[in-house]
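Dear colleague,

I am handing over the structure that we spoke about, and I would be grateful if you could look through it with the notes below at your side.

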Amino acid sequence: RGWNYIDRLNFWINKYNPGKFTFRNAGVGGDFARRTAERMYFAVSGKGKAYRQNMYDGLFKEKYDIVFIFLGQNDTRCWRREEFAKQETPPELQRKYLAEILKYVKGHSQAKVVLISPSPSYEQLFIDRDKKMAPGQDMVMYGKKEFVDLYDAENRKFCRENNLDYIDILSAMRQYPDIKALYVPDGVHLSAEGGRLIAGRILQYFA
């Protein structure tokens with residue numbers, strides 16, 4: 001905390017626009033689209049609960065101007081036991097859950113909804129790890145280009161169909177001179193530098 005992209009964004013945007021912006025970070029570690037849709041359903045219906053339901057407590061009690069939806073890194077993960085042939089959330093389910101999320105947000109808020117592209121992760125780390133592993137050993141891969149690109153394409157199509165803005169961090173991260181530096185050693189979670197880059201892209205969107 002204090003160094004993630006939302007805290008950085010909060011700092012910089014309020015530095016030059018004091019008192020005009022507040023942020024709520026409702027991001028849940030390890031999340032994917034299904035969990036987000038389920039948690040949002042339970043938040044508005046009060047019936048049952050999903051993984052870490054408390055993160056959405058009082059979610060729509062505040063009057064938001066903008067809601068950012070940033071998913072995809074976990075949705076595009078795949079497993080060695082399946083020869084990395086299938087992602088967590090295939091396109092048809094991605095669209096289903098995004099539609100549910102948008103319905104809940106629009107039904108309980110007047111906020112503008114903005115999607116953020118998936119992060120690419122540090123794919124090479126997992127490719128190298130796979131080569132060193134013995135047959136039969138399992139691992140999860142993040143950032144498989146084929147699945148990340150597919151998720152990004154579906155996001156863009158969903159935005160076009162629903163007239164939503166889209167922030168492309170994927171291209172910026174892939175074009176960064178040292179993509180490895182954008183992540184901590186696990187190749188998935190953002191480093192301070194990765195957080196700075198994403199905060200910068202969202203600041204550019206506001207600008």
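What follows is an account of the salt bridges, the strands, one helix, a surface patch and some backbone details.

Please keep in mind that this is a predicted model, in which local features need pLDDT of at least 70 and side-chain atom pairs count only at pLDDT 80 or more, while totals for chains, interfaces and linings use all residues. Residues are numbered from 1 along each chain as its sequence is written, and side-chain values use heavy atoms, with hydrogens and water left out.

I begin with the charged pairs. Side chains of opposite charge can pair when their charged atoms come close. With a salt bridge taken as a side-chain nitrogen of Lys or Arg within 4 Å of a carboxyl oxygen of Asp or Glu, the count comes to 16 salt bridges. One of them joins Arg-77 to Glu-88, with 3.1 Å between the closest N and O atoms. This pair links distant parts of the chain, since Arg-77 sits in the loop between strand E1 (66-70) and strand E2 (78-79), and Glu-88 in the loop between E2 and helix H3 (91-108), eleven residues apart. Helices (H or I, at least four residues) and strands (E, at least two) are DSSP runs, numbered from the N terminus. For accessibility, buried means under 20% relative accessible area, exposed over 50%, and partly exposed in between, with a 1.4 Å probe and protein chains only. On that scale Arg-77 is buried, at 16%, whereas Glu-88 is partly exposed, at 24%.

A salt bridge also forms between the side chains of Lys-112 and Asp-165, at 3.2 Å from N to O. Here again distant parts of the chain are linked, with Lys-112 in strand E3 (residues 112-116) and Asp-165 in strand E5 (residues 165-167), 53 residues apart. Lys-112 is partly exposed, with a relative accessible area of 39%, and Asp-165 is partly exposed as well, with 29%.

In a further salt bridge, Arg-156 meets Asp-168, the closest N and O atoms being 3.3 Å apart. Because Arg-156 lies in helix H5 (residues 145-162) and Asp-168 in the loop between E5 and helix H6 (170-174), this pair ties together parts that are twelve residues apart in sequence. Arg-156 is partly exposed at 32% relative accessibility, while Asp-168 counts as buried at 17%. Arg-95, Glu-154 and Glu-161, for their part, are joined into one network by salt bridges that share partners.

Turning to the strands, E1 pairs with E3 in the parallel sense over five bridges, where two strands are said to pair if DSSP finds at least two bridges between them. Within this pairing, Ile-69 has Leu-115 in E3 as its bridge partner. In a regular strand the side chains alternate between the two faces of the sheet. In E1, Val-67 and Ile-69 make up the covered face, and Ile-66, Phe-68 and Phe-70 the uncovered one.

Helix H5 also has two sides. Its buried residues are Phe-147, Val-148, Tyr-151, Asp-152, Glu-154, Asn-155, Phe-158 and Cys-159. These cover an arc of only 165° around the axis, so they lie on the same side of H5; the arc is that of the directions from the helix axis to the C-beta atoms. The face turned away from this buried side carries the exposed residues Glu-146 and Arg-160.

At the surface, Phe-11, Trp-12 and Tyr-16 make a nonpolar patch of about 380 Å². Patches are made of residues with over 30% relative accessible area and no salt bridge, like charges being joined within 9 Å and nonpolar side chains (Val, Leu, Ile, Met, Phe, Trp, Tyr) within 5 Å; accessible areas come from the Shrake-Rupley method with a 1.4 Å probe, and for residues only the protein chains shown count as cover. Trp-12 belongs to helix H1 (residues 5-16) and is partly exposed, at 40%.

Lastly, the backbone. Most residues other than glycine have a negative phi, and most peptide bonds are trans. Glu-83, although not a glycine, has a positive phi of about 60°; Glu-83 lies in the loop between E2 and H3 and is exposed, at 68% relative accessibility. Asn-163, also not a glycine, has a positive phi of about 55°; Asn-163 is in the loop between H5 and E5 and is exposed, with a relative accessible area of 71%.

With best wishes
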